[in-house]
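Hi,

Here is the structure I promised to pass on. Have a look at it first, and then read my notes below with the viewer open.

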Amino acid sequence: MEKEKIIQRICEAGLVAVVRAESKEQGRKITEACIAGGAAAVEITFTVPGAQDIIRELAQRYDEKEILLGAGTVLDAQTARIAILNGAQYVVSPALDVETVRLCNRYRVPVMPGVMTIRDVVASMEAGADIVKLFPGELLGPGFVKALKGPLPQAKVMPTGGVTLDNVGDWIKAGCVAVGVGGSLTAGAKTGDYASITAKAKQFVAAIAAARK
C-alpha cells in the first residue's frame, strides 16, 4: 500500500492499538480483537522478544485491507530496517532519531518519532516525519496539542500514553489526527478476555468519530 494511503487510513480511523504481546499467539489474538473492533492499525513494540517474528507472522496472516501492521519502540535505523523487511508498514519511535526517519523515507514507509517539545516537533518535521508521536501523552495533555496547533497548524500529532475513553475526545478536539492506545485498550489480553478488547476498540472508534463531529 502506498505511504500516503497508509497515513490516510490511520488518520481516518484515528485508532492505533499499541500491542505488547508475550507470544505470537497472544499478538495474533489481540490483533484479531482489534480488527473486530474497527482499529485501523496495530503497533507491535520492539520491547517484545521476537517482535520481528510476530510482525512477520501477522503480515503473512492478514491482508492490509484488514489491518495495518506497524513496529513500535524503534530506537535506530537498523531496527527500523529489520521491522520493514518483516512486514511493518509504518514505524513508531519514542524519540527522534534522524537516521531512522531518513531510512523510512528512503523506503517510503510512514514514520512517527516521539516528541515532547515544540523544538522536537519542528526538528521531526524538518527531518521528514509524517506524524509526530506526542509521548508520554499523560505528562503533556490535550492542552499542549491545542497550544502547539497555534504556531504549527500543519503538524500531524498522535498522542500515546495516558489516552483513555474518558479523555480521547479531548485529544481529538485539541487537533490530534489519531491516538495510540495501549493498556487501556488491550489489558484484557492478560486474562484472556479478548472480547473486552473488541468492545473497547469499538468504544474508542465511536468516541473519536463523535469528537470529530
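Let's start with E138, which you'll find in helix 7 (residues 137-140). Keep in mind that this is a predicted model. Is E138 buried or exposed? It's exposed, with a relative accessible area of 52%. Leaving aside residues up to four places away in sequence, E138 touches T160, G161 and G162. You can also compare E138 with T164: they are 26 residues apart in sequence, and their C-alpha atoms are 10.0 Å apart in space.

Now go to S124, which sits in helix 6 (residues 118-127). S124 is buried, and its relative accessible area is 0%. Which residues does S124 touch, not counting those up to four places away in sequence? They are L96, P113, V115, A129 and V132.

Next up is helix 4, which covers residues 77-85. Its buried residues are A77, T79, A80, A83 and I84. Why do they end up on the same side of helix 4? Because they cover an arc of only 160° around the axis. Turn to the other side of helix 4 and you'll see Q78 and L85, which are exposed.

What do the buried residues of helix 4 pack against? There are two helices and two strands to find here: helix 3 (51-61) and helix 5 (98-106), plus strand 3 (68-72) and strand 4 (90-92). While you're in that part of the chain, look at G87, just after helix 4: G87 takes a positive phi of about 115°.

Last, the cysteines. A disulfide is a covalent bond between the sulfur atoms of two cysteines. How many disulfides does a search of the whole structure find? Zero. Take C11: the closest cysteine sulfur is in C176, and at 11 Å from the sulfur of C11 it is too far for a bond. For a pair to count as a disulfide, the two sulfur atoms would have to be within 2.5 Å. Likewise, C176 is in no disulfide, with the sulfur of C11 as its nearest cysteine sulfur. Both of these cysteines are buried: C11 has a relative accessible area of 17%, and C176 has one of 5%.

If you'd like a place to begin, colour helix 4 and find A77, T79, A80, A83 and I84, its buried residues. Then flip the view to find Q78 and L85 on the other side.

Cheers

Notes: Residues numbered from 1 in each chain as written. Predicted model: local features only at pLDDT ≥ 70, side-chain atom pairs only at ≥ 80, totals over all residues. Heavy atoms only, no water. Buried < 20%, exposed > 50% of the residue type's maximum accessible area, 1.4 Å probe, protein only. Helix = DSSP H or I, 4+ residues; strand = E, 2+ residues; numbered from the N terminus. Arc of directions from axis to C-beta. Contact = heavy atoms within 4.5 Å.
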